[in-house]
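Work through the exercises below with the sequence and the coordinates at hand, and try each task before reading its solution.

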Amino acid sequence: MKKTYEIEVDCANCAQLMEQAASKVEGVAKVVVNFMTQKMVIEFTEGADIKAVMKTVLKECKKVEPDCEIDL
């Protein structure tokens with residue numbers, strides 16, 4: 001399953017670091033963070049608990065940029 005989320009990220013470098021952090025979360029098959037459109041597209045693995053995965057993704061992204069927001 002693939003979902004798109006609105007995000008708030010301040011710079012392109014942070015977006016890349018957030019993409020790398022989110023890609024390491026269990027349940028994420030593929031992730032793309034687009035700084036220009038302020039969107040994150042995540043493809044989840046089969047059977048993943050999307051809400052739990054997104055909570056972990058948000059936690060990991062906040063390690064990169066503490067004021068980052070993802071509209072869950």
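**Exercise 1. Determine which residues Lys39 is in contact with, leaving aside its neighbours within four places in sequence.**

Solution. Taking contact to mean heavy atoms within 4.5 Å, one finds that Lys39 is in contact with Thr4, Tyr5, Glu6, Ile7, Val32, Val33 and Asn34. The next step is to place the residue: Lys39 lies in strand S3, which covers residues 39-44, where strands (E, at least two residues) and helices (H or I, at least four) are DSSP runs numbered from the N terminus. A distance check then shows that Lys39 and Glu8, although 31 residues apart in sequence, have C-alpha atoms 8.1 Å apart in space. Finally, Lys39 is partly exposed because its relative accessible area is 29%, given that buried means under 20%, exposed over 50% and partly exposed in between, with a 1.4 Å probe and protein chains only.

Before going on, note that this is a predicted model, in which local features need pLDDT of at least 70 and side-chain atom pairs count only at pLDDT 80 or more, whereas totals for chains, interfaces and linings use all residues. Residues are numbered from 1 along each chain as its sequence is written, and side-chain values use heavy atoms, with hydrogens and water left out.

**Exercise 2. State in what order the elements of the chain run from the N terminus on, and what the radius of gyration is.**

Solution. The chain has two helices and four strands, and their order from the N terminus on is β-α-β-β-α-β. The radius of gyration, taken over C-alpha atoms, is compared with a globule rule of 2.2 Å times the number of residues to the power 0.38. For 72 residues this rule puts a compact globule near 11 Å, and the chain has 11 Å, so the two agree. As a further step, the C-alpha trace spans about 35 × 20 × 20 Å along its principal axes. Of the 72 residues, 33% count as buried, and residues 24 or more positions apart account for 57% of the contacts with a separation of 6 or more.

**Exercise 3. Find how many disulfides a search of the whole structure gives.**

Solution. With a disulfide defined as a pair of cysteine sulfur atoms within 2.5 Å, a search of the whole structure finds zero. Cys11 is in no disulfide, its nearest cysteine sulfur being that of Cys14 at 3.0 Å. Cys68 is likewise in no disulfide, and here the nearest cysteine sulfur, that of Cys61, is 5.0 Å away. For accessibility, Cys11 counts as partly exposed because its relative value is 28%, whereas Cys68 is buried, with a relative accessible area of 0%.

**Exercise 4. Decide whether Leu58 counts as buried or exposed, and identify what it touches beyond four places in sequence.**

Solution. Leu58 lies in helix H2, residues 50-64, and counts as buried because its relative accessibility is 17%. Beyond residues up to four places away in sequence, Leu58 touches Cys68, Ile70 and Leu72. By way of a further distance, the C-alpha atoms of Leu58 and Gly27 are separated by 13 Å, with their positions 31 residues apart along the chain.

**Exercise 5. Establish where Gln38 is placed and what its phi is near.**

Solution. Gln38 is in the loop between strand S2 (28-34) and S3. Its phi is near 55°, a positive value in a residue other than glycine. For context, most residues other than glycine have a negative phi.
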